[in-house]
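The following exercises concern one protein model and are to be worked with the sequence and coordinates at hand. Each task is followed by a solution in steps.

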Amino acid sequence: MVSTIRNSARRLHGFTLVELVVAVSIVAILAALALPSFREMSVRMTITSNANDLVGALNLARTEAVKRGYPVNVVATSSNWKNGWSVTPPSVIPALTLQSHPAVATNYKVLGAQGATASTAISFNATGNVANSSNASYYFSVCRPTFANDQTQGRVIEVKPNGSITSYRRGSTSLAPGC
């Protein structure tokens, strides 16, 4: 009787190999189903983060221009927005950077333009308006990577001549530079 109780107690510990293979197979199938959704969510989060960082830099430049009473610029690093950007006052105050942003993640792009002209800088004057805008809005495109090439899901940032800044999902028609 005692040996029967010991044998049944031993059988209740752990998993059999078949149970383990079935559990691992179920986990693998669920992971395979979730991976594309997770990848898309990651792409969208990166796009939103890049757009929010640029909007934040533009808002900072506008606010600082009004507060300081002189123009403040948002300038693309190495003449390319993909390489990052910095918020700086005009060259009369050298070596002062209010904020800088590193390059965006590999395969992502940020493009800037004023109307139809490529632009690598935007300046806000002491009243918070865009300096030298010639009544044309500035547009920025925050583009998706080439492996997730649905560019209608990218972001557009528009800076109007009065300095107001809006961000929205890129539609099929947009004045922003194409990705």
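**Exercise 1. Determine which element of the protein has the lowest mean pLDDT and which the highest.**

Solution. The model is predicted, so local features require a pLDDT of at least 70 and side-chain atom pairs count only at pLDDT 80 or more, whereas totals for chains, interfaces and linings use all residues. Residues are numbered from 1 along each chain as its sequence is written, and side-chain values use heavy atoms, with hydrogens and water left out.

Step 1. pLDDT is the predictor's confidence in each residue, from 0 to 100. The protein averages 83, and 85% of the residues score at least 70.

Step 2. Elements are DSSP runs numbered from the N terminus: helices (H or I) have at least four residues and strands (E) at least two. Helix 1 (residues 2–11) has the lowest mean, 56, and strand 2 (residues 85–88) the highest, 92.

Step 3. There are two helices and nine strands in the protein; from the N terminus on, their order is α-α-β-β-β-β-β-β-β-β-β.

**Exercise 2. Compare the span of helix 2 with its expected value, and locate its bend.**

Solution.

Step 1. The expected span is 1.5 Å times one less than the number of residues. Helix 2 (residues 17–68) has 52 residues and should therefore span 76 Å; its end C-alpha atoms lie 71 Å apart, which agrees.

Step 2. A bend is the angle between axes fitted to the seven residues ending at a position and the seven starting there. In helix 2 such a bend, of about 35°, occurs at A34, and the proline P36 follows within four residues.

Step 3. Burial means under 20% relative accessible area, exposure over 50%, and partial exposure lies in between (1.4 Å probe, protein chains only). The buried residues of helix 2 include V43, I47, N50, A51, L54, V55 and L58. An α-helix has 3.6 residues a turn, so residues three or four places apart point the same way.

Step 4. Just after helix 2, G69 takes a positive phi of about 85°.

**Exercise 3. State the strand order of the open four-stranded sheet and identify its edges.**

Solution.

Step 1. Two strands pair if DSSP finds at least two bridges between them. The order is 3-2-1-6, with antiparallel pairing.

Step 2. Strand 3 (99–101) and strand 6 (121–124) stand at the edges; each has a single partner strand, so one side of each is left without a neighbour in the sheet. The twist averages 10° from one strand to the next.

Step 3. Strand 1 (residues 72–76) and strand 2 run antiparallel and are joined by four bridges; V75 has S86 in strand 2 as its bridge partner.

Step 4. Helix 2 lies across strand 1, strand 2, strand 3 and strand 6, at about 15° to strand 2. Such angles run from 0 to 180 degrees between N-to-C directions, with axes being lines fitted to C-alpha atoms, for helices over the stretch in contact.

**Exercise 4. Examine the phi angles of S78 and S79.**

Solution.

Step 1. Most residues other than glycine have a negative phi. S78, although not a glycine, has a positive phi of about 55°, and S79, likewise not a glycine, has one of about 60°.

Step 2. S78 is found in the loop between strand 1 and strand 2, as is S79. S78 is exposed at 63% relative accessibility, and S79 is exposed at 55%.

**Exercise 5. Describe the setting of strand 8 (residues 155–159) in the five-stranded sheet.**

Solution.

Step 1. This open sheet has the order 5-4-7-8-9, with antiparallel pairing. Its edge strands, strand 5 (117–118) and strand 9, each pair on one side only.

Step 2. Helix 2 packs on the sheet, touching strand 4 (109–114), strand 7, strand 8 and strand 9, and its direction makes about 10° with that of strand 8. Contact here means heavy atoms within 4.5 Å.

Step 3. Strand 7 (residues 138–143) pairs with strand 8 over five antiparallel bridges. Y139 has E158 as its bridge partner in strand 8, and V142 has R155.

Step 4. Strand 8 also pairs with strand 9 (residues 165–169) over five antiparallel bridges, and E158 stands opposite T166 in strand 9. These two strands form a hairpin with five residues between them, where G163 in the turn has a positive phi of about 95°.

Step 5. Four of the five residues of strand 8 are buried, so this strand is largely enclosed by the rest of the structure.
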